[in-house]
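Work through these exercises with the model open beside you. Each task is followed by a stepwise solution.

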Amino acid sequence: INSESINSESINSESINTESIATGIFSKSVWPICVGRLGEDCKDFISLTSPELQVYIIPYGSFTTMDFDLQRVRIFVNEEGFVMKEPSTG
């Protein structure tokens, strides 16, 4: 598992600016970039780029409700806090 974190430097290197964020250009529904990274860093990244979403970190393998909510993102992490599968809305 890659322990590289998503930080402000990596966000800046991808040329994401506040105008793009404010206009919703970077609103997404899946974040494959998070797999193998720290869950807290992934949560911060998703919250920054999609502030309208509720983001939750959940232990991998935990039971969750089956309702579908496009305003919710669940980040499943292992015991060390690394993301195990692509976070997505729902």
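**Exercise 1. Where is methionine 66 found?**

Solution. Start with the ground rules. This is a predicted model, in which local features need pLDDT of at least 70 and side-chain atom pairs count only at pLDDT 80 or more, while totals for chains, interfaces and linings use all residues. Residues are numbered from 1 along each chain as its sequence is written, and side-chain values use heavy atoms, with hydrogens and water left out.

Step 1. Methionine 66 sits in the loop between E1 and E2. Helices (H or I, at least four residues) and strands (E, at least two) are DSSP runs, numbered from the N terminus.

Step 2. Check its cover. Methionine 66 has a relative accessible area of 79%, so it counts as exposed. The cut-offs are: buried under 20% relative accessible area, exposed over 50%, partly exposed in between (1.4 Å probe, protein chains only).

Step 3. Look across to glycine 90. The two residues are 24 apart in sequence, and their C-alpha atoms are 9.2 Å apart.

**Exercise 2. Set out the elements of the chain and the order of the strands in the sheet.**

Solution. Step 1. Count the elements: three helices and three strands. Read from the N terminus, they run α-α-α-β-β-β.

Step 2. Order the strands. They form an open sheet, E1-E2-E3, with mixed pairing. E1 and E3 are at the edges with a single partner strand each, so one side of each has no neighbour in the sheet. Two strands pair if DSSP finds at least two bridges between them.

Step 3. Take the pairs in turn. E1 (residues 54-59) and E2 run parallel, joined by six bridges. Valine 55 has valine 73 as its bridge partner in E2, and tyrosine 56 has arginine 74. E2 and E3 (residues 88-89) run antiparallel, joined by two bridges. Here arginine 74 stands opposite serine 88.

**Exercise 3. Is strand E2 covered on one face or on both?**

Solution. Step 1. Take the strand as a whole. E2 spans residues 72-77, and six of its six residues are buried.

Step 2. Split the faces. Arg72, Arg74 and Phe76 lie on one side, Val73, Ile75 and Val77 on the other, and all are buried. Both faces are therefore covered, given that buried means under 20% relative accessible area.

Step 3. Set this against the chain. Of its 90 residues, 36% are buried.

**Exercise 4. Which residues make up the largest nonpolar core?**

Solution. Step 1. List the 11 members: Trp31, Cys34, Cys42, Phe45, Ile46, Leu53, Val55, Val73, Ile75, Val77 and Val83. Such a core is a set of buried Ala, Val, Leu, Ile, Met, Phe, Trp, Tyr and Cys residues joined through side-chain atoms within 4.5 Å.

Step 2. Find the main contributors. Helix H3 (39-49) and E2 are the elements that give two or more residues to this core.

Step 3. Follow tryptophan 31. Beyond four places in sequence, its contacts (heavy atoms within 4.5 Å) include Phe45, Ile46, Leu53, Val73 and Thr89.

**Exercise 5. Is threonine 89 buried or exposed?**

Solution. Step 1. Place threonine 89: strand E3.

Step 2. Read its relative accessible area. The value is 15%, so threonine 89 is buried.

Step 3. Name its neighbours. Leaving out residues up to four places away, threonine 89 touches Lys28, Ser29, Trp31, Leu53, Phe68, Asp69, Leu70, Arg72 and Val73.
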